[in-house]
Amino acid sequence: MPLKSLAAWTALDAHYAAIGTEHMRDWFAAANDLHPTRAQRFTLESCGITLDFSKNRITDQTLQLLMQLAHEACVPAARDAMFAGEIVNPTEARAALHTALRAQNPPAPYAAQIKHEWNRMVDFANQVREQQWRGHTGKPIQSIVNIGIGGSDLGPKMLCHALAPLGDPRLSMHFVSNVDGADLQRVLSQLDPATTLAVIVSKTFTTLETMTNAESLRHWLLNHGVPEAKLGQHLVGVTADPAKAVQFGILPEQVFKIWDWVGGRYSLWSAVGLSALLYLGPTHFAKLLAGAAQMDQHFREAPLIRNLPIILALLGIWYRNFFGAPSYSIAPYAAALRYFPAYLQQLEMESNGKSVCLDGSFADYETVPIVWGETGTNGQHAFFQMLHQGSTMVPVDFILPLTPEHELAHHHPKLLANCFAQSQALMLGRTLEATQQRVGPDQQAICPHLTFAGNRPSNTIMLDALTPHTLGALIAVYEHKTLVQATIWNINPFDQWGVELGKQLSAVIENDLVTQTVNQAHDSSTRALIAHALRVTHL
């Protein structure tokens, strides 16, 4: 049945009309804050994560209607189908079993290959970390360069930065993704070829950006004294097509396998996470897997109304489809989570950035919002002005580790206070009357500028501490949130055909630039761009 024809959708439409203009601060007022209090009713805990979603424009009735929508849209069935290994990516006829990579007992058809590849990864990581694996001159590896893009870059980079205090201090980690040569050159200028190991990550081993960077790094190694016969001591491949990695020059025993039933943006749990495994070590990486597995269990077993991924997903539906919010912001109050917003951008927008339903029809409703953000407190001095007083409502996910990872303990209360104060200010606002009472009689003209509407929704997601276990669980929360929203929107979150056209056109245009010709089949704007580039750069 079409989404807008569901009884729950119709009821939510009417409910929004009834409460859409009500203010959250009135719901928190003593007379309306029922026992148990709003904060108690709208707080969940699991896997070392606490979600306070009380500062949302919802009532108990809203929650009940959203639960009804989840049932009518068959969310539990979609969840169970994914875990069972059914074909949930119909356009590519594939399962989506990234959860099997972290399961204590993976499904039988996959268990042996998962265990085999994990053992190979652990053995290799231990050799590098224990200085048994050495470069061509006999020196131990000191620098790891991860060459990939998208999920082959964002996940490992995010993990290494987030868990850096647990990393091997002897290893320096570098990530190259952009085909802009400046990205690779900046990294290579810091490295000694004799102590460098490159991890080349590409599912197909044909990705333009990755293979261009890999070829340049290979030439750099050769030009700096690494004999071709010894390249194997400096190159490792991660791919679903081992033959292509071997053709590139990587030894077969140094190629690690990923599978077509693991999507790129869900792949950090696989050999795609090899760089992070090298840096963090098998013990910490195993804890990351265990945290995600525990959240998988919560997602599968917890009642919908007490289920973290379900709640976050439904709140997102509420704001996107009924309030019309075009974006939402991720604000991690932890410098360690600097790359987490970018990781979620790909996870959510590449997964659910579609307007075609599973049956081939076009959706007559909005799908994924724009995902963006920055670490707090930096964001407070950049875009929070817009969050508080801008003309567009932007829901916010505040993410906060409660235990500091550093020794500067006196910093942490300030960080906590800023996070909690921002969510409070977004909710409460400040009325014109309150502002007028705060300023002197000669300042009344500026009162509108000092007024905050408030009623801006947010979630506060607190981690007991930022550990491999809680980070694994947190990533899994957002993975499952993405699936739930895709199910309700009736789209496929596991393909990404929208990126293909640009790749195809890029190959044609690159040929024009290299041959210094302008294909007349291009539109007039593209022809002019190519011609101008050829005139200026003399390629």
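Hi everyone, this is a short tour of one sheet, two helices and one serine. Before we start, please keep in mind that this is a predicted model.

Let's begin with the sheet. It is open and has 5 strands, in the order S4-S3-S5-S6-S7, with parallel pairing. At the edges you'll find strand S4, residues 172-176, and strand S7, residues 255-257, and each of them pairs on one side only. From one strand to the next, the twist averages 20°.

Now let's zoom in on one pair. Strand S5, which covers residues 196-201, runs parallel to strand S6, residues 235-239, and the two are joined over 4 bridges. If you'd like one place to look, find Ala-198, whose bridge partner in S6 is Leu-235.

Which helices pack on this sheet? Helix H6, residues 108-129, is one of them, and it touches strand S3 (143-147), S5, S6 and S7. The direction of H6 makes about 145° with that of S7. Helix H7, residues 151-162, packs on the sheet too, touching S3, S4 and S5. For H7, the angle to the direction of S4 is about 155°.

Finally, let's visit Ser-329, which sits in strand S8, residues 327-332. Is Ser-329 buried or exposed? It is buried, because its relative accessible area is 0%. And what does its side chain reach? That would be the backbone oxygen of Trp-372, at 3.3 Å. Setting aside neighbours within four places in sequence, the contacts of Ser-329 include Trp-372, Gly-373 and Phe-383, along with the run Val-394, Pro-395, Val-396 and Asp-397.

That's my tour, thanks for listening!

Technical notes:
Residues numbered from 1 in each chain as written. Predicted model: local features only at pLDDT ≥ 70, side-chain atom pairs only at ≥ 80, totals over all residues. Heavy atoms only, no water. Buried < 20%, exposed > 50% of the residue type's maximum accessible area, 1.4 Å probe, protein only. Polar contact = N/O pair within 3.5 Å; in protein donor to acceptor, adjacent residues only side chain to side chain. Contact = heavy atoms within 4.5 Å. Pairing = 2+ DSSP bridges. Axes fitted to C-alpha atoms, helices over the stretch in contact; angles between N-to-C directions.
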